[in-house]
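User: I am new to this structure and would like a close look at one part of it. Could you choose a single helix, walk me through its surroundings, and then show me how it fits into the rest?

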Amino acid sequence: MKYSWLVKQKPEHIEKLLSGNPNILAKRDERKRFVLHWAAVAGREQLCKYILQRFPEQLDAGDDMEKTPLELAACGGSLATTALMVQEGADINHRDLLGCTALNYACSNDSFYVVLLLLREGADLNIADINGDTPLHRATEYGRSDIVNTLLLHGADPNRANSDGNTPLHLACERNEERCAILLVRGGATIGSPNQIGLKPFQLANPSLSYLLLKQSTGRRAG
């Protein structure tokens, strides 16, 4: 049985399926996921509660990529199941095989309120993944300006470089994410830091954005 299919069913259908096969909740599928993993990513809060009452040891269980139910809840953008996992005591800074945490995934998926919840509960906003990308890199890469602003207000380092030497500002300029780029400069990002191939952020921007960044940077120094 595909667990991903099971968690999409109506509650009464799930109850019937579980009554006929009560051991299913304790078994992993081909991706080493329990039903709990799929319920978390699907945002099925009540089903998650039901499972955790019976199998609390699954709270921080990793799948084949060492993603926990909390990370999958954040991947799915579910505030309800993310909050439940945190409330139950899940490791908020657990890193999967890609080095990602729940906050990394929430920043990638534009899950603003999930990001706020994780930050409030003590998520480390400067943990980098295996490529050296922090949550701020992730939010910038996907143009999540509201999340970029929130991370900066909470103390994220705007000049942290990844394994390619790219800061979040490099990514904003490369993708012409004007709003993110301006927020980063206002938050202390340096426009003249070269990456590993010697390119500075403003050199990756289009002429219009490059002009805005130089203007913002000059104004910041003058202030």
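Analyst: Happy to help; here is a walk that begins with the whole chain, settles on helix H8, and then moves outward again.

Please keep in mind that this is a predicted model. The protein chain has 14 helices and zero strands, so to speak an unbroken run of α elements when read along the sequence. Its C-alpha atoms fill a box of roughly 70 × 30 × 25 Å along the principal axes. Of the 223 residues, 48% count as buried. Among contacts with a separation of 6 or more, 67% come from residues 24 or more positions apart.

The domain assignment splits the chain into domain 1 (1-124) and domain 2 (134-222). Their centres, taken over C-alpha atoms, are separated by 33 Å. Where the two domains are in contact, domain 1 gives 13 residues and domain 2 gives 11.

Now to our chosen part. Helix H8 covers residues 112-120, and Val114, Val115, Leu117, Leu118 and Leu119 are buried in it. What do these buried residues pack against? Their partners are H5, helix H6 (79-87), helix H7 (102-108) and helix H10 (145-153). Helix H5 spans residues 69-75.

Leu118 is a good residue to select in your viewer. Leaving aside neighbours within four places in sequence, Leu118 is in contact with Leu70, Thr82, Val86, Ile92, Ala102, Leu103, Ala106 and Ala123. Leu118 also belongs to the largest nonpolar core, which has 58 residues; together with Met85, Leu151 and Leu169, Leu118 touches the most other members. Both domain 1 and domain 2 give residues to this core, so the core lies between them.

Let us look at what comes just before and after the helix. Ser111 is found in the loop between H7 and H8. Is Ser111 buried or exposed? Its relative accessibility is 8%, so Ser111 counts as buried. Not counting residues up to four places away in sequence, Ser111 touches Ala74, Gly77, Ala106 and Ile147. Ala106 is thus a contact of Ser111 and also of Leu118. On the other side, H8 is followed by Gly122, whose phi is positive, near 100°.

The end of H8 also brings us to a charged pair. Glu121 forms a salt bridge with Arg120, with the closest N and O atoms 3.3 Å apart. Glu121 is partly exposed, with a relative accessible area of 39%, while Arg120 is exposed at 63%.

That pair is part of a longer list, for the count comes to seven salt bridges. One of them joins Asp63 and Arg33, whose closest N and O atoms are 2.8 Å apart. Asp63 lies in the loop between helix H4 (45-54) and helix H5 (69-75), and Arg33 in the loop between helix H2 (11-20) and helix H3 (35-41), so the pair ties together parts that are 30 residues apart in sequence. Asp63 counts as buried at 1% relative accessibility, and Arg33 counts as buried at 5%. Another salt bridge links Asp129 with Arg138, at 3.5 Å between the closest N and O atoms; Asp129 and Arg138 are both buried. Further along, Glu141, Glu174 and Arg175 are linked in a network of salt bridges.

What about the cysteines? A search of the whole structure finds zero disulfides. For Cys48, the nearest cysteine sulfur is that of Cys75, 14 Å away. Cys48 counts as buried at 0% relative accessibility. For Cys180, the nearest is that of Cys173, 11 Å away, and Cys180 is buried as well, with a relative accessible area of 1%.

Finally, a record helps to place H8 along the chain. An unreviewed UniProt entry lists residues 65-97, 98-130, 131-163 and 164-196 under "repeat: ANK". In the model, residues 65-97 are 48% helix and 0% strand, and their end C-alpha atoms lie 5 Å apart. Residues 131-163 are likewise 48% helix and 0% strand, with end C-alpha atoms 6 Å apart.

To return to the starting point, H8 carries buried residues that pack against four helices, H5, H6, H7 and H10, and one of those residues, Leu118, is among the best-connected members of the largest nonpolar core.

Definitions and conventions. Residues numbered from 1 in each chain as written. Predicted model: local features only at pLDDT ≥ 70, side-chain atom pairs only at ≥ 80, totals over all residues. Heavy atoms only, no water. Core = buried A, V, L, I, M, F, W, Y, C linked by side-chain atoms within 4.5 Å. Buried < 20%, exposed > 50% of the residue type's maximum accessible area, 1.4 Å probe, protein only. Domains from an automatic or database assignment. Contact = heavy atoms within 4.5 Å. Salt bridge = Lys/Arg side-chain N within 4 Å of Asp/Glu carboxyl O. Helix = DSSP H or I, 4+ residues; strand = E, 2+ residues; numbered from the N terminus. Disulfide = S-S within 2.5 Å. UniProt positions renumbered as here; feature names shortened; annotations may be inferred.
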